[in-house]
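Hi,

Here is the structure I promised to pass on. Have a look at it first, and then read on for what turned up.

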Amino acid sequence: MTTERGNRRVMFGVVKSAGKMEKTVTVLVERRVRDPRLKKYITRHTTYLAHDEQNQYQVGDKVTIIESRPLSKNKRWRVQKLIERKPGI
């Protein structure tokens, strides 16, 4: 028996806000889309609320988020792992 639960979306982003909500971070995900009329690439961004169980991620950290079941009204993502820590001052 496997523990796979289907194909879950995975996205890469930067933590935009942390510490204001308990066990939650706001992650900014950027993507590049091609404009159909102008035929050039435009950067679009979306913010997601992601679950952070230990409150360990800080503003500026690059993280991977994975789709999950609804955890609250707006929270449907979990932070999967840290890719790069923002250098400290």
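Let me start with a tryptophan. Setting aside neighbours within four places in sequence, W77 is in contact with R9, M11, Y48, L49, A50, H51, I65, I66, E67, S68 and L71. Please keep in mind that this is a predicted model.

Some of those partners come up again in the core. W77 belongs to the largest nonpolar core, which has 11 residues in all. The other members are M11, V15, V25, V27, V29, A50, Y57, V63, I65 and V79. At least two residues of this core come from each of β1 (10–21), β2 (24–34), β4 (62–67) and β5 (77–84), and β2 gives the largest share, with three residues. As background, nonpolar side chains in soluble globular proteins tend to be buried together.

Now for the strands themselves. Five of them form a closed barrel in the order β1-β2-β3-β5-β4, and the pairing is mixed. On average, neighbouring strands of this sheet are turned by 45 degrees against each other, ignoring direction. Within the barrel, β4 and β5 run antiparallel and are joined by six bridges. If you would like a spot to find on screen, T64 stands opposite K81 in β5.

One last residue lies past the strands just mentioned: P87 is in the segment after β5. Is P87 buried or exposed? P87 counts as exposed because its relative accessibility is 65%, and the cut-off for exposed is over 50%. The C-alpha atom of P87 is separated by 8.8 Å from that of D61, although the two are 26 residues apart along the chain.

Happy browsing, and best wishes!

Notes
Residues numbered from 1 in each chain as written. Predicted model: local features only at pLDDT ≥ 70, side-chain atom pairs only at ≥ 80, totals over all residues. Heavy atoms only, no water. Core = buried A, V, L, I, M, F, W, Y, C linked by side-chain atoms within 4.5 Å. Buried < 20%, exposed > 50% of the residue type's maximum accessible area, 1.4 Å probe, protein only. Helix = DSSP H or I, 4+ residues; strand = E, 2+ residues; numbered from the N terminus. Contact = heavy atoms within 4.5 Å. Pairing = 2+ DSSP bridges. Axes fitted to C-alpha atoms, helices over the stretch in contact; angles between N-to-C directions.
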